[in-house]
Each structure stands twice: as structure tokens, then as C-alpha cells.
Amino acid sequence: MNKFYITTPIYYVNSHPHLGHLYTTLVADTVARYKRQRGFETFFLTGTDEHGLNIERAAEKGGLSIKQHVDNFVNEFKTAFAPYGIAYDHWIRTTDDYHKRAVQELWRRVRENGYIYKGKYEGLYCANCNEFYTENEAKAADDGQLYCPQHDRPLDRVAEESYFFKLSEFQGRLLELYEKNPTFIRPETRRNEVISFVRGGLNDLSISRVSVKWGIPVPDDPGHTMYVWFDALSNYITAIGFGNEQFGGLQHFKKFWPVDLHLVGKDILRFHTVYWPAFLIAAGIEPPKTVFAHGMWLSGGRKMSKTLGNVIDLAVLQKYFTTDAVRYFCLREMVFGQDGDFTYETLLERVNAGLANGLGNLASRTLTMVARYCDGAVPAPGKAGAELTRRADEVRESVTQAVAQFDREFEEYNFSRALEAAWSAIERVDKFISDAKPWDLAKQADGRGPLELILHTAVETLRHLTVLLAPVLPNATQEIWDQSGEAGKVCEIAPSTLRWGQSTGKRVGEIKPIFPKLDKKKVMDEIKQDEAASQVARTEEGKEQPVQAPAPPPAQNVSEPAPPAYITIDDFSKVELRVGQILTAERIPKADKLLRFTIDLGEAEPRQILAGIAQYYEPEKLVGRKVIVVANLAPRKMRGLESQGMILAAAVGEEGRPVLAGFLEEVPNGAKLK
Ligand code: MSP
């Protein structure tokens with residue numbers, strides 16, 4: 001039996017799951033279902049990446065033990081994915097013992113083969129965060145001193161003992177791998193990027209840290225912890241039995257390795273196509289067959305990220321859209337390999353057009369007519385005139401073509417085009433039914449033959465498409481299958497085994513709408529409310545409490561002057577004021593008072609901040625300007641965009657004209673005001 005092994009990246013357990021994570025997993029699940037349906041012995045792996053400094057820090061921030069923190073997050077990921085029918089064969093956790101032992105085994109092999117040596121890692125070091133930074137990551141002050149981007153304290157130049165992997169020796173072998181296996185990196189554009197990166201030369205890679213404790217100890221030198229990517233990438237072999245007894249150990253490993261498809265986001269392509277094959281070759285293990293890098297879901301034109309606050313909340317998504325609607329949208333809307341913009345409006349439109357009006361309508365009208373005009377039993381094709389017979393043949397031919405085209409596109413991971421092929425057959429049969437008007441024929445004495453030909457053709461089209469679409473729409477297709485009077489599990493029927501005409505005589509079951517049409521305005525209003533509420537909940541959970549306005553002084557007798565409403569220094573120190581630099585500034589359509597900024601506060605990612613100064617400032621003129629930002633103000637949504645802070649300005653004159661506060665001397669971004 002043919003085998004197929006497919007993986008997703010393993011997800012970091014330091015931020016909440018969002019649509020981006022779900023997307024990779026949904027696509028992998030669909031491919032796994034497609035292969036299973038076609039008789040492949042399939043293994044689908046996903047899981048969580050649970051080591052490293054960031055996770056140590058995230059646990060600390062939440063006040064939990066690291067173990068408790070990672071366990072909670074793993075549950076959160078599993079719960080978030082559960083409604084989407086993700087039928088994985090194994091969920092790996094890098095904190096599992098079998099994985100740790102197996103990674104150590106991999107390390108030993110690479111070392112025995114002479115590709116690991118001990119040396120000194122020289123870099124910029126921040127004692128507060130125990131982390132090394134490159135010169136590019138550090139913030140440079142005017143005097144040349146480099147500052148920690150997190151803590152704004154001067155960085156020390158230090159050298160730490162570290163193990164190195166001899167990546168520099170792999171340039172030739174990697175280029176040969178890319179050359180000989182043109183489908184090793186897909187799509188083509190990504191392949192070219194990686195090739196030119198490797199051609200530029202490779203440096204040896206530091207693969208251990210003495211300053212990180214939460215990770216896998218280096219064999220025979222436990223003071224060193226393995227670099228988290230060495231540990232994480234190895235999951236793809238440890239989970240199928242390399243170096244341990246998981247799933248029957250070596251035998252299972254030999255059956256499934258090399259992996260057929262590593263699905264990854266383009267953000268982590270280099271790790272999978274440069275480091276990973278080099279580690280494997282160094283250990284004497286075959287490299288993967290294909291690494292496919294998909295694009296990013298953007299929101300409002302920018303990559304979804306927690307910091308920008310533009311992630312799509314899976315709880316909100318799930319409340320309004322069925323599993324199949326989300327699966328359909330993800331596969332149809334995003335051209336696989338390219339970035340795609342996510343909006344709820346588009347999701348609603350696509351789901352209504354493609355599912356409610358398209359497949360759902362075809363199913364309900366076809367089955368209802370069988371129930372109404374044929375006593376609930378699918379008729380054999382009746383005799384009809386030459387023209388109608390020719391048209392029925394054309395529909396049948398379009399289905400044959402759509403089925404073949406679907407598979408051709410799917411094999412190339414062109415999911416969007418595969419679905420277009422299926423939908424072209426839906427459009428074809430819809431037109432056939434509408435033109436032939438079976439409801440009129442039902443009233444005519446000589447209409448029986450043509451009516452039965454039309455309904456037979458419609459049911460057969462529906463039946464073929466139902467089987468074809470089972471990997472994409474697992475729930476809806478099973479419902480259509482049951483309503484059509486077919487037995488068994490649709491996901492277990494290979495499309496190639498279907499024969500035209502097998503539905504004759506099947507009795508349709510109870511007919512219920514498969515994809516009820518969504519009321520766009522109503523659903524959008526509700527989503528907006530839910531998103532605002534979930535934002536508030538997050539803020540509370542993150543303990544980023546809004547800075548409370550001081551309570552108004554008690555009402556005074558008008559004749560007595562009110563005492564000044566003093567605050568204590570502790571009150572003042574609750575407000576975190578920081579220097580920010582405006583990176584981008586733009587107007588917001590239909591909001592004539594607001595400007596949208598991205599501002600560098602010396603943090604890992606810039607913040608999005610909105611300010612009501614559009615009537616007084618030209619946005620272009622503000623780019624580069626240093627401003628003062630209230631950095632710990634609770635995030636707030638305005639016009640659907642989240643503002644992650646407030647820019648300070650003086651309110652001048654009666655109209656309160658804003659004049660931005662700033663500095664006459666040079667100050668580093670992120671510096672705190674006291
Ligand atoms: N832990 C590493 C991967 C190790 S694999 C050996 C990691 N984790 S992650 O949680 O940050 O992200 C993993 C993947 O999530 C990305 O590669 C990508 O597949 C997916 N996505 C995260 N954000 C995304 C979007 N906005 N859009 C689409 N996919 C995105 O990196």
C-alpha cells in the first residue's frame with residue numbers, strides 16, 4: 001500500500017491559537033483526508049513546540065510553573081482545533097520523554113559523524129533577559145552604545161561557550177539537493193529565494209545555550225541546552241519512531257520516512273529547507289521529499305499578530321461559521337502559497353455564494369424534487385428528446401472533467417483551483433436544471449421521461465461531487481450522503497470507484513438545509529460586539545488593567561474652593577510613559593478625525609495607535625517624529641481598529657487644538673519618562 005506522511009509546524013505555546021495556526025492545520029487535515037480517501041496509508045502529525053526562553057518567560061509572566069503553563073496551552077490549542085475535525089494521527093509535545101531521548105540520539109549521531117564542535121558564541125548580551133542579540137536587533141544610540149530592545153539597558157559584549165553545527169560544510173550538498181529535487185521546496189518562488197540565500201554562503205550554527213534551562217540537555221554535557229530549533233525540527237522523526245519505541249519504533253519510522261509533505265508558513269521556510277535537511281544529512285538520514293511554504297493570512301493588509309491585535313479569534317469564528325464553512329473559505333479564498341486578506345465580510349459572502357446558494361441549494365432542490373416528483377426514489381434516466389439528452393450528456397461530461405481536474409490540481413496543492421473545478425460542475429448542472437424546468441415537466445402528461453432524466457443527472461452530479469468534496473467538507477458531505485439515501489461513510493469512498501447511474505432506486509432520507517444562508521448585516525453586527533468583548537476579556541486576562549481615571553473629588557459646596565485633587569507618586573508611576581517614534585501614519589477611510597500610526601516603542605514589534613488629530617496634522621509630515629506614548633493604556637477599538645496606546649498632546653485654545661508633545665534632544669525609542 002502507498003504511504004503518505006504529512007506534517008504541520010509544531011506551535012509555540014506562548015501565544016493563543018488564532019486563524020493562522022488553524023489554517024496550516026486545516027490544510028494538512030484536508031490533504032490527509034484526500035490521501036486516505038484514495039487508499040494511501042496516511043500519517044498526519046501536528047503538535048506543540050514547548051521549549052525555549054520565550055516559553056520560560058511567558059510562564060513567568062503568567063505566574064505559573066513552566067509545566068503548568070505548557071499543559072494549559074496545549075489544551076487550549078487542542079480545544080481550539082477540535083471543532084474543525086482535525087483528524088491527526090499523533091499530537092507531539094516536545095516535552096514528551098520519548099521525544100527528548102530521541103533528539104539526544106540524533107545529536108549523538110550528528111556529533112559522531114563529526115559535524116558538531118564546541119566553540120565560543122560571541123554576541124551582545126542582556127543580563128536582564130539572558131539573551132543574545134545581533135547588532136541588527138539591538139537599538140543603537142547616537143554615541144554608538146547598543147541597547148537591549150526589550151529592556152533599554154546597555155548590552156554587554158560577551159562570549160558564551162556553545163556547541164556549533166558545521167552548517168558551512170553543507171552549502172554544496174544543499175544546492176545539489178535543491179537541484180536534483182525541483183519539488184523539494186515549493187512553490188517555485190520560495191525555492192529561488194532559498195537557493196540564492198544558500199549561494200550567499202552559510203555560517204556554522206550555534207546549537208546550544210548555557211543560559212537557557214528549559215529545554216533538552218546536550219548528551220554528556222547537561223550544562224548546555226539544545227537550541228530550540230534543533231529540538232523542534234526533530235519532532236518530525238521522533239514522532240514516528242526514530243530513536244524510540246513510539247508507534248513501533250524503527251519499523252514505523254522506516255515505513256513513513258522520508259516525509260512526503262512538510263507544510264509550513266513562509267515565515268519558517270529557512271529552518272525547514274536549510275537547517276533541517278543539513279541536520280538530517282549530517283545524521284545519515286534522508287531529507288524530506290517536499291517542503292511547501294504557504295502564505296500568511298493578513299488582516300487589514302497586515303500579517304495577523306498578537307501585538308497588532310488583528311488576529312482572528314477562533315472562538316468568534318466558531319460561533320458564527322460551521323467547520324465546513326471555515327474549511328471551504330480557507331481553501332478556496334487563499335491561493336495556496338500566496339498571502340490572503342481575511343475579513344468576515346468576505347467570509348460571509350463566499351459562504352453564502354459558494355455553499356448556501358451553490359452546493360447547498362443544489363442538494364436541497366435536487367433531493368426535494370426526487371421526494372416530491374418521484375416518491376422519494378432516485379429515478380433511472382428517462383427517455384427524452386435529442387436536445388435534452390445531449391445537454392444531460394454534457395453535464396455528465398462536465399462532471400467527469402471536474403473530477404479529473406480536481407485531482408490534478410489537488411496533487412499540485414492548488415486547492416483553490418481544485419475547488420473552482422468542482423464548482424464549475426455545480427454551475428453547469430444548476431443551469432441545466434433551471435433551463436429544463438423539471439417543475440413544469442412534472443405537470444405535463446409527456447413530461448415523465450425528461451423529468452426523470454433531469455433528476456437522475458442532477459442526483460448523479462451531486463453524488464460525484466459529494467464524494468469528491470469529502471476531504472474539504474467532511475460534515476456537510478456526510479449529511480448530503482445520508483440525505484441522498486447512500487450508506488456508509490463518504491470519506492471512505494474513493495472517487496475512482498464511482499460509476500454513473502449507481503444512485504438509481506436509492507431512497508432519499510429526511511431533507512434538511514445543509515448550509516442555511518447567513519444574514520450578513522445581522523451576523524456582522526454580532527461579530528463586532530463579540531470581538532469587542534473578547535478584547536476586553538483578553539486585556540483582563542493579561543492583567544493589563546485599564547489605567548483608571550482618578551475618581552472625581554466628592555461634590556463640594558460651591559462656596560468652598562475645591563481642594564486640589566492630588567495623586568501620589570505611586571499613582572503616577574502606574575502610568576507608563578515612553579518615547580515612541582512614528583514609523584507610519586495614515587488617514588482612516590470614513591473617519592475624518594482619526595489617524596492611524598505604527599509606532600516603535602523599542603519593543604519586538606511596533607504598535608498600532610490611533611489618535612484624533614487628523615484635522616490638525618498631515619500624516620506624511622509626522623513620519624520619523626518622536627512622541628510620548630502612554631504605553632500601558634488598555635487597548636481599545638475604534639472604527640474596528642485596535643489602538644494600543646495613546647499619544648500625548650497639549651490641548652490648546654478653546655477648541656483644544658492638539659499639539660504633540662516631543663523632545664528637543666535625541667532620545668532612544670522606548671525610553672521611559674519619569
Ligand atoms: N514553533 C515554530 C515552528 C517549529 S516547526 C518545527 C513556530 N511556531 S508558531 O506557532 O509561531 O507558528 C507556526 C506556524 O503557524 C507558521 O509557520 C504558520 O504555518 C502558522 N501561522 C502563524 N501565523 C500565520 C498567519 N498569519 N497566516 C498563516 N499562517 C500563520 O514558528
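A polar contact is a pair of N or O atoms within 3.5 Å; within protein, one must be able to donate a hydrogen and the other to accept it, and residues adjacent in sequence count only if both atoms are side-chain atoms. This is a predicted model, where local features need pLDDT of at least 70, side-chain atom pairs count only at pLDDT 80 or more, and totals for chains, interfaces and linings use all residues. Numbering runs from 1 along each chain as its sequence is written, and side-chain values use heavy atoms, without hydrogens and water.

**Exercise 1.** Find the polar contacts of the ligand with aspartate 267, glycine 265 and aspartate 49.

Solution.
- Start at aspartate 267. A side-chain N or O atom there is 3.1 Å from a ligand oxygen.
- Go to glycine 265. Here a backbone N or O atom lies 3.1 Å from an oxygen of the ligand.
- End at aspartate 49. Its side chain has an N or O atom 2.7 Å from a ligand nitrogen.

**Exercise 2.** Describe the shell around the ligand (residues with a heavy atom within 4 Å).

Solution.
- Count first. There are 23 residues, and Ile10, Thr24, Asp49, Asp267 and Trp297 come nearest.
- Sort by class. Twelve are nonpolar, nine polar and two charged. Gly counts as polar.
- Look for elements, which are DSSP runs (helices H or I, at least four residues; strands E, at least two). β1 (3-12), α1 (19-37), α7 (228-233) and α8 (235-238) each supply at least two residues. β1 gives the most, four residues.

**Exercise 3.** Which domains does the assignment give?

Solution.
- Read the bounds, which come from an automatic or database assignment: domain 1 (3-303), domain 2 (338-497) and domain 3 (569-660).
- Compare centres. The C-alpha centres of domain 2 and domain 3 are 53 Å apart.

Key. Near = heavy atom within 4 Å.
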